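Colleague: Got a minute to go through this one with me? I'd like the basics before the details.

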Amino acid sequence: MVECAFGVLANKWRVLHTPIQVEPDFTDDIIKACCVLHNFVRKRDGTNFGNSETISLEDIEVHGTGTRSQGIEVRDFFSNYFIGPGAVPFQNSK
């Protein structure tokens with residue numbers, strides 16, 4: 001599921017096609033910006049968000065000590081969100 005969601009983002013935002021060569025904190029900001037822009041474009045284009053929940057991007061906590069462990073924990077946070085309260089009705093049909 002996470003790979004599918006990331007694939008949707010990567011198809012829209014080319015910055016995600018290659019490894020991002022910036023500091024981990026800035027990478028978090030880039031991913032958050034892509035998610036916000038993706039939702040903005042969907043809303044602008046008339047996509048129905050009827051059953052969608054929102055999450056504040058400030059609620060995302062960074063844990064761990066190394067860059068790799070931080071990335072894994074952020075990935076797991078997004079994974080749990082998008083298969084839980086952030087799930088959309090059509091995601092399992094793709």
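**Going through the model**

Modeller: Of the 94 residues in the chain, 22% count as buried. Keep in mind that this is a predicted model.

Colleague: How many helices and strands does the chain have?

Modeller: Three helices and zero strands. From the N terminus the order is α-α-α.

Colleague: And at what angle do H1 and H2 pack?

Modeller: Helix H1, residues 2-12, packs against helix H2, residues 24-44, at about 80°, and their axes are 10 Å apart. That makes H1 roughly perpendicular to H2.

Colleague: Which residues make the contact?

Modeller: H1 contributes Phe 6, Val 8, Leu 9 and Lys 12, while H2 contributes Ile 31, Cys 34, Cys 35, His 38 and Val 41. Sorted by class, the contact of H1 with H2 has seven nonpolar residues, one polar and one charged.

Colleague: Switching to the cysteines: how many disulfides are there?

Modeller: Zero. Cys 34 is in no disulfide, and the nearest cysteine sulfur, that of Cys 35, is 7.0 Å away. A disulfide needs the two sulfur atoms within 2.5 Å, so this pair does not count.

Colleague: Are Cys 34 and Cys 35 buried or exposed?

Modeller: Cys 34 is buried, with a relative accessible area of 6%. Cys 35 is buried too, at 15%.

Colleague: Last topic, the surface. What area does the chain expose?

Modeller: About 7000 Å², with carbon and sulfur atoms supplying 55% of it.

Colleague: And what share of the contacts with a separation of 6 or more comes from residues 24 or more positions apart?

Modeller: Such residues account for 50% of those contacts in the chain.

Notes: Residues numbered from 1 in each chain as written. Predicted model: local features only at pLDDT ≥ 70, side-chain atom pairs only at ≥ 80, totals over all residues. Heavy atoms only, no water. Buried < 20%, exposed > 50% of the residue type's maximum accessible area, 1.4 Å probe, protein only. Axes fitted to C-alpha atoms, helices over the stretch in contact; angles between N-to-C directions. Helix = DSSP H or I, 4+ residues; strand = E, 2+ residues; numbered from the N terminus. Parallel < 35°, antiparallel > 145°, perpendicular 65-115°, else oblique. Contact = heavy atoms within 4.5 Å. Nonpolar A, V, L, I, M, F, W, Y, C, P; charged D, E, K, R; others polar. Areas by Shrake-Rupley, 256 points an atom, 1.4 Å probe, with all protein chains shown as cover.
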